[in-house]
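Reader: Before I use these coordinates in any calculation, I would like to go through a few local features with you. Could you show me the sequence and the structure?

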Amino acid sequence: MMKMTKKTIMLSAVALIAANALTFGPVSYKVSAADPAVVSSVATSSDKLNKVYTQLNNDPVLLPLVTKGFTEVNNYVNQDTFDATALLPNLWSGISVNLDPAEKIAFKNELTKVIRLALVEFDPTKAPVTDISADLEQSLTNLSDLLDSKDYPRVNKTQLADFILELEAAALAKINGTELAPTTDLGELVSIELDALIQGLWNSSSSQVVVLLKALYNEDLELLVKDVKKAQEILSADAFSPNTAKQASAALGIAYVKAQLVGKSPLGNATAVNNKEHKISQLNILGIKGFPLSAFDFSTTDLVNPEFDTTNGYLKITSDTSINSSKTIEVTAKLANDNLIPQWLHGATVFTQTVTLSPKSNAGGGEFIDTELSLVPNATTIAQNISDKIDAALVGIGELTTNKDIFALRAIVEEELRSALTVNAGSKVTTNNGVSELKLTAADLSSVFSQLDSVIKTANAALQAVVADAEPVKPVLNLSVGNLDSVKVVINGELLGSLKAKGIYAIGVTSNGALIEVPLTELEANSSLQITKTNGITAELKDGMNQVSALTAKGIQAIGVTGITPELKDGMKQVSDIYNVVVIGADGKEKHEFQSQARIVLPVNSGSVGNEQFLTLAKIEGSKLINLGGTYNPAKKQFSAMRNTFSSYVVIENPVAFKDTSELAWAEDDILKAAAKGIIVGRAEGVFAPRAEITRAEFTALLVRTLGIEAVSYTETFTDVNDGDWYQSVVATAAAYGIINGRTSTTFDPDAPITRSEMATITSNVLVKVLGYKPVSDVNDTLNLFADQADVVPAHRAGVALVAQEGIVQGKGLGVYDPKGTFTRAEAAVVINKLLNLR
């Protein structure tokens with residue numbers, strides 16, 4: 001293919017992201033309803049752009065450069081002679097052959113209008129960006145109609161936003177690890193081969209945007225690359241005065257870097273030379289190697305007569321302030337008046353961060369170096385022994401024929417890897433005024449990071465040795481802080497980035513036996529995970545409940561309590577302490593909902609447990625207890641649950657009984673267990689009605705409660721599901737997760753009895769889309785188990801086959817499945833408990 005010049009207009013990668021991608025984050029050529037499960041990508045893209053614009057508008061050096069660029073390109077595109085299609089001649093050539101003369105004129109006019117309106121609406125000085133105007137949306141729709149009429153693929157707003165985030169990730173990946181030569185012109189910092197970036201996405205991305213581009217360019221990547229180069233050449237020659245494009249893109253790029261560094265710590269730890277002199281050797285700007293400290297002028301107002309010196313390759317901080325105890329200062333870094341920095345960028349602020357200066361250690365000679373943390377001493381041995389545990393499990397399983405068997409092996413690997421990836425961090429906890437806090441840096445975990453790859457690879461290799469196509473296990477790094485009544489764990493930006501770079505999926509905190517795991521995607525720089533143990537519940541425990549454990553989630557804060565203040569009624573027992581768990585954002589606000597589920601594990605006082613099947617996690621809400629389900633591990637005396645929210649929780653024993661279930665011995669235990677966990681309820685006092693039909697809405701609610709996903713707010717578009725309906729939230733959540741579909745494109749039919757075929761399809765969606773199961777490879781062969789398999793309609797065949805293969809649902813006897821028959825409440829309880837056992 002044709003090779004573009006490495007530095008075509010010298011756009012830095014960050015400027016490329018900000019200018020060519022994020023600028024049009026909220027825009028697409030077709031605005032249509034987006035899947036509520038992923039629509040957040042649009043907001044994410046817009047939020048990124050607004051953060052860049054905020055940095056830009058607050059910087060008197062950068063803003064004029066970008067404003068000049070916008071002004072010049074605006075003037076250019078608003079000339080009467082401006083022809084938008086001339087910027088992309090190959091695209092126009094491919095499209096125009098399919099358009100009649102009137103359509104060609106319409107397409108040119110609308111494309112020109114879109115460019116003009118977009119440049120006005122996304123002018124940085126008009127931030128914050130929210131969404132496109134009605135005029136721009138109409139022009140985009142007009143363009144869409146023309147493309148739709150020619151059978152080009154459709155792209156919606158969410159798909160475009162997803163592609164933008166993918167483009168950003170690809171560009172940042174190219175930047176990370178880049179090594180700068182001492183003579184690098186920092187005005188062209190981290191410039192990349194634009195064509196290589198395009199080619200990479202063209203070949204690897206499954207984005208609908210790429211599908212559209214391939215259709216528009218007739219699968220010819222070279223034509224797209226030529227168009228990109230042509231547009232840059234025309235704009236450089238005709239739209240901008242000399243150097244304007246370079247200066248505007250560099251300024252926008254620096255604003256992007258500034259936005260990326262907010263809440264992070266580019267400067268590493270400060271080491272005390274003496275009590276008036278400290279040095280910092282590390283500087284991390286987007287992972288670029290060799291970024292010179294001399295590129296910055298550093299300043300602080302927190303020291304007396306501070307001086308910053310970078311002549312020896314590290315940052316030396318001296319002042320008249322004697323550091324006799326730890327002192328936190330705020331350091332600002334601006335681009336220096338240096339020959340590596342273009343004059344027009346001098347004085348631009350790049351980042352501000354806090355640095356902790358500690359006194360010189362009196363122990364021994366030399367500089368004070370804090371002890372590094374490590375994984376548990378037997379981490380490597382644990383990982384190496386996973387193969388033996390898998391072999392032992394295979395003796396009982398035999399041939400791997402179901403997802404359930406494969407995931408049983410996966411659960412072994414996950415649990416062993418959790419044990420191996422544990423860091424005893426109690427030595428790093430500081431306590432002031434009764435408040436314990438753990439603040440770690442990436443440097444604190446440098447030894448841990450050096451061990452991670454080997455341990456994780458060993459664990460996954462053991463699994464893939466018996467399941468060749470198994471997805472790698474998602475690693476969780478657990479910070480164990482000891483037995484503290486309350487502890488706050490702060491995850492700074494540097495540490496968060498390092499954890500992600502090492503492939504860590506979630507961070508865990510263990511205190512007083514309680515474990516909280518939160519996916520890193522739910523955290524931001526300087527988030528806090530706080531666990532607090534208390535000794536009482538203020539919620540009401542009804543008859544028979546027994547408190548075995550308690551947890552309040554509002555951050556990663558676990559509160560362990562020895563007694564429940566809410567009244568225990570009718571035999572309920574408290575069988576655990578109470579733990580209050582909180583995730584607190586960098587803004588100090590508690591985060592109550594998560595897109596990805598967090599895991600809660602509470603220690604249970606097993607001596608208090610009467611009947612294990614009645615144990616449940618309960619949320620403390622005011623004076624009430626709300627049962628939430630979960631599973632008990634008697635070997636470890638732990639109760640665990642997956643949640644999309646955090647609140648105050650406790651484990652209780654909640655005995656239940658019904659007068660009408662004893663005749664159904666095959667289902668009675670499952671009914672009682674599901675009822676004790678609050679997943680299913682009776683129809684009246686002491687009455688379960690096991691043979692009654694269950695509706696589509698009721699079964700959907702059971703699944704959502706079982707999965708622990710009911711509390712995140714989603715919307716749905718069914719015309720027969722209204723705000724105020726008891727099932728509205730669960731239907732919306734299930735639709736967002738892809739678990740349910742309507743009976744038509746617009747209706748859900750919530751009150752209709754669910755058929756056995758519908759139940760199978762919905763349950764199989766849970767298995768595949770939530771739990772990660774693989775569909776049945778030979779549907780027809782599996783369905784031959786049933787004499788009436790021909791009655792299973794095509795839309796439900798895969799679902800029925802999967803639940804049959806996995807033993808979730810059996811036939812009705814005599815080899816009959818009865819696909820059109822209705823499902824009963826007793827059958828639903830059995831399915832629910834089988835799903836619970838898979839969690």
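Reader: Is helix 23 largely enclosed by the rest of the structure or not, and how many of its 14 residues are buried?

Author: This is a predicted model, in which helix 23 covers residues 825-838 and reaches 20 Å from its first C-alpha to its last, close to the 20 Å expected. Buried means under 20% relative accessible area, and the residues of helix 23 in that class include Arg825, Glu827 and Asn833. Helix 23 is therefore largely enclosed by the rest of the structure, the number of buried residues being 11 of the 14.

Reader: Which elements do the buried residues of helix 23 pack against?

Author: Among these buried residues are Val830, Val831, Ile832, Leu835 and Leu836. The buried residues of helix 23 pack against one strand and several helices, namely strand 23 (631-633), helix 17 (665-676), helix 18 (696-707) and helix 20 (756-770).

Reader: Is Thr125 buried, partly exposed or exposed?

Author: Thr125 lies in the loop between helix 5 (101-121) and helix 6 (134-149), and beyond four places in sequence Thr125 touches Asn57, Leu63 and Thr67. Because partly exposed covers values between 20% and 50%, the relative accessible area of 41% makes Thr125 partly exposed.

Reader: Where does pLDDT stay under 50, with 133 contacts beyond four places in sequence?

Author: The protein averages a pLDDT of 80, and 83% of the residues score at least 70. Where pLDDT is low, the predicted coordinates should not be read in detail. The stretch with those 133 contacts and a pLDDT under 50 is residues 1-40.

How values were computed. Residues are numbered from 1 along each chain as its sequence is written. This is a predicted model: local features need pLDDT of at least 70, side-chain atom pairs count only at pLDDT 80 or more; totals for chains, interfaces and linings use all residues. Side-chain values use heavy atoms; hydrogens and water are left out. Helices (H or I, at least four residues) and strands (E, at least two) are DSSP runs, numbered from the N terminus. Buried means under 20% relative accessible area, exposed over 50%, partly exposed in between (1.4 Å probe, protein chains only). Contact means heavy atoms within 4.5 Å. pLDDT is the predictor's confidence in each residue, from 0 to 100. The expected span of a helix is 1.5 Å times one less than its number of residues.
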